[in-house]
Amino acid sequence: MLLSVLLTVCSMASEELYRAEVKALLEHKCYACHGALKQKGGLRLDTGEFIRKGGKHGPAVDAGNPSASLLLKKVTAEDEAERMPQEAGALTAAEVALLRRWIEGGALSP
C-alpha cells in the first residue's frame with residue numbers, strides 16, 4: 001500500500017515537472033529540429049508520447065534510468081559534433097539536471 005502511494009506521488013511529481021519546466025526547455029532548445037514541423041532522425045520531442053516512442057535510434061528516454069536514456073546521452077556528449085542541441089547551444093548544468101530529475105521520476109507527461 002505504501003509503495004503504491006509513493007509511486008503515485010512520484011508519478012504526479014514527474015508529470016508536473018514536465019508541465020512546469022521540461023516542456024518549455026524542450027520547446028526552447030529542441031523543437032526547431034525535433035518538433036511538429038521537422039523531425040531529424042525521425043525524433044519528435046514535442047509530446048511525452050513521442051519522446052518515449054523515440055526516433056530511428058529508439059526511445060529518447062529510458063524512464064527511471066537517466067544514464068541509459070539517449071536524450072541525456074546526447075545533451076551531455078563531450079564531442080560537440082555529437083552533442084545536442086546543435087543549433088540552440090549546449091544545455092546548462094541546471095537544464096541537464098532538470099532532464100535527469102524528470103527521467104528519474106519516470107519521464108511522465110500528460
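Select arginine 19 and glutamate 16. Both sit in helix 1, three residues apart, about one turn of the helix. Helices here are DSSP runs of H or I with at least four residues, strands are runs of E with at least two, and numbering starts at the N terminus. The two side chains form a salt bridge, with the closest N and O atoms 3.0 Å apart. A salt bridge is a side-chain nitrogen of Lys or Arg within 4 Å of a carboxyl oxygen of Asp or Glu.

This is a predicted model: local features need pLDDT of at least 70, side-chain atom pairs count only at pLDDT 80 or more, and totals for chains, interfaces and linings use all residues. Residues are numbered from 1 along each chain as its sequence is written, and side-chain values use heavy atoms, with hydrogens and water left out.

**Next: glutamate 15**

Keep arginine 19 selected and add glutamate 15. Their side chains meet in a salt bridge of 2.5 Å, N to O. Arginine 19 and glutamate 15 are separated by about one helical turn, because they are four residues apart in helix 1. Show all three side chains together: Glu15, Glu16 and Arg19 are linked in a network of salt bridges.

Now check the accessibility of each. Buried means under 20% relative accessible area, exposed over 50%, and partly exposed in between (1.4 Å probe, protein chains only). Arginine 19 has 46%, so it is partly exposed. Glutamate 16, at 41%, is partly exposed. Glutamate 15 is partly exposed at 24%.

**Next: aspartate 46 and arginine 44**

Move to another salt bridge. Aspartate 46 pairs with arginine 44, the closest N and O atoms being 2.6 Å apart. Aspartate 46 counts as buried, at 11% relative accessibility. Arginine 44 counts as partly exposed, at 22%. A search of the whole structure finds five salt bridges.

Add histidine 34, in helix 2 (residues 31-34). Histidine 34 is buried, with 14% relative accessibility. Leaving aside neighbours within four places in sequence, histidine 34 is in contact with Gln39, Lys40, Leu43, Arg44, Leu45 and Asp46. Contact means heavy atoms within 4.5 Å. Both partners of the last salt bridge, Arg44 and Asp46, are thus among the contacts of histidine 34.

**Next: lysine 29**

Return to helix 1 (residues 2-29) and select lysine 29. Which side chain of opposite charge is nearest to lysine 29? It is glutamate 95, 4.3 Å away; lysine 29 is buried yet has no salt bridge. For charge, Lys and Arg count as positive and Asp and Glu as negative; His and the chain ends are not counted.

Look for a backbone partner instead. The side chain of lysine 29 reaches the backbone oxygen of glycine 89 at 3.5 Å. Beyond four places in sequence, lysine 29 is in contact with Pro85, Ala88, Gly89, Ala90, Leu91 and Glu95.

**Next: proline 85**

From lysine 29, step to proline 85. Proline 85 lies in the loop between helix 4 and helix 5. Its relative accessibility is 11%, so proline 85 counts as buried. Not counting neighbours within four places in sequence, proline 85 is in contact with Lys29, Ala90 and Leu91. Now draw a distance from proline 85 to tyrosine 31. Their C-alpha atoms are separated by 9.8 Å, with the two positions 54 residues apart along the chain.

**Next: the core**

Select Val22, Ile51, Leu99 and Trp102. These have the most contacts inside the largest nonpolar core, which has 22 residues. A nonpolar core is a set of buried Ala, Val, Leu, Ile, Met, Phe, Trp, Tyr and Cys residues joined through side-chain atoms within 4.5 Å. Helix 1, helix 4 (70-75) and helix 5 (93-104) are the elements that give two or more residues to this core.

Centre on tryptophan 102. Apart from residues up to four places away in sequence, tryptophan 102 touches Ser14, Leu17, Tyr18, Val22, Ile51, Val61, Ala107 and Leu108.

**Last: the whole chain**

Zoom out and colour by secondary structure. The chain has five helices and zero strands. Of its 110 residues, 34% count as buried. Among contacts with a separation of 6 or more, residues 24 or more positions apart account for 52%. Finally, switch on the surface. The chain exposes about 6,600 Å², and carbon and sulfur atoms supply 58% of it. Accessible areas come from the Shrake-Rupley method with a 1.4 Å probe; for residues, only the protein chains shown count as cover.

Terms used. Polar contact = N/O pair within 3.5 Å; in protein donor to acceptor, adjacent residues only side chain to side chain.
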